[in-house]
Amino acid sequence: MSAEPRINDRIRVPEVRLVGPSGEQVGIVPLAKALELAQEYDLDLVEVAATARPPVCKLMDYGKFKYESAMKAREARKNQAHTVIKEMKLRPKIDPHDYDTKKGHVVRFLKQGDKVKITIMFRGREQSRPELGYRLLQRLAEDVADLGFVESNPKQDGRNMIMVLGPHKKKTEAMAEAREAQAARKAERQALQPGRVQHSSADGEELLDADEADEAPEAPEAAAEEEAPAEASAEA
């Protein structure tokens, strides 16, 4: 059966409880009278409560109503948060540089509002030293304590030890902050690229406005000063 409500001539009842365009209660009126009022207001007669006795109908612009409902549903889907569990695998004797890299990924996941499953993989004789994995998990939990908490304490699972970190920030909040940051970066890029107004001289050469002409010689030097630290860090 269709979920679409019955409108106008599709309504097949002798009388309806009518609601006006602004939500006012008109009362119980014959169907013919309700259709006449809909025509008079240049609106649709829409059955909003078919199971009521008599059915409740409202005068509205049905096309506009459907469009607004679709937009609200789309926005709700856009803001809907899905629980995501990321996984990060470490070795008990992990190199300090590798640990920092892995921790960086965990930080990024928690900032995005995702849970993180940390797995310590034991091999060979490492299986007889579970305390190594436990200490590593405790260290990681302390390093990211400002972003997440231990949702599931470390526990042995065969040759692995597993811990789950949960984010302090909800997924919806993380998504909203990410959109705000993206909008701010976009506005900053636009601010760094202002429009340039030019005019032609008598000999056909294009000249800048007087205000821009005063600033023009300094622009390349400023750009060079901004790029210099980036080049230096790249060489380092």
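This report describes charged, aromatic and buried features of a predicted model.

## Positive patch and helix α2

On the surface of the predicted model, Arg 74, Arg 77, Lys 78 and Arg 179 gather in a patch of positive charge. Helix α2, which spans residues 62-79, gives the most to this patch, with three residues. One of the residues of the patch, Lys 78, lies in helix α2, and its relative accessible area of 49% makes Lys 78 partly exposed, because the class of partly exposed residues runs between 20% and 50%.

## The aromatic pair

Helix α2 also carries Tyr 62 and Phe 65, which are three residues apart and therefore separated by about one helical turn. The structure holds one aromatic pair. The ring centres of Tyr 62 and Phe 65 are 6.2 Å apart and the ring planes stand at 25 degrees, so this pair is stacked; the angle falls in that class because planes under 30 degrees apart count as stacked.

The two partners differ in their accessibility class: Tyr 62, at 10% relative accessibility, counts as buried, whereas Phe 65, at 39% relative accessibility, counts as partly exposed.

## Salt bridges of the segment before β1

Five salt bridges are found when the whole structure is searched. Among them is the bridge between Glu 4 and Lys 66, in which the closest N and O atoms are 3.8 Å apart. This pair links distant parts of the chain, since Glu 4 belongs to the segment before β1 (15-19) and Lys 66 to helix α2, with their positions 62 residues apart in the numbering. Glu 4 is partly exposed, with a relative accessible area of 42%, and Lys 66 is likewise partly exposed, with a relative accessible area of 39%.

A further salt bridge joins the side chains of Glu 47 and Arg 6, with an N to O distance of 2.8 Å. Glu 47 lies in strand β3 (residues 44-49) and Arg 6 in the segment before β1, so the pair ties together parts that are 41 residues apart in sequence. In this bridge Glu 47 is buried, with a relative accessible area of 7%, while Arg 6 is partly exposed, with a relative accessible area of 32%.

## A salt bridge between two loops

Arg 91 and Glu 126 also form a salt bridge, and their closest N and O atoms are 2.9 Å apart. Arg 91 lies in the loop between β5 (85-90) and α3 (96-111), and Glu 126 in the loop between β6 (115-121) and α4 (130-143), so the bridge ties together parts that are 35 residues apart in sequence. Arg 91 counts as partly exposed at 27% relative accessibility, whereas Glu 126 is buried, with a relative accessible area of 13%.

## Val 116 in strand β6

Strand β6 contains Val 116, a residue that is buried, with a relative accessible area of 0%. Val 116 and Pro 167 are 51 residues apart in sequence, and in space their C-alpha atoms are 8.4 Å apart.

Definitions and conventions. Residues are numbered from 1 along each chain as its sequence is written. This is a predicted model: local features need pLDDT of at least 70, side-chain atom pairs count only at pLDDT 80 or more; totals for chains, interfaces and linings use all residues. Side-chain values use heavy atoms; hydrogens and water are left out. Patches are made of residues with over 30% relative accessible area and no salt bridge: like charges are joined within 9 Å, nonpolar side chains (Val, Leu, Ile, Met, Phe, Trp, Tyr) within 5 Å. Accessible areas come from the Shrake-Rupley method with a 1.4 Å probe; for residues, only the protein chains shown count as cover. A salt bridge is a side-chain nitrogen of Lys or Arg within 4 Å of a carboxyl oxygen of Asp or Glu. Lys and Arg count as positive and Asp and Glu as negative; His and the chain ends are not counted. The place of a charge is taken as NZ of Lys, CZ of Arg, CG of Asp or CD of Glu. Helices (H or I, at least four residues) and strands (E, at least two) are DSSP runs, numbered from the N terminus. Buried means under 20% relative accessible area, exposed over 50%, partly exposed in between (1.4 Å probe, protein chains only). Rings of Phe, Tyr and Trp (its six-membered ring) pair if their centres lie within 6.5 Å; planes under 30 degrees apart count as stacked, over 60 as edge-to-face and the rest as tilted.
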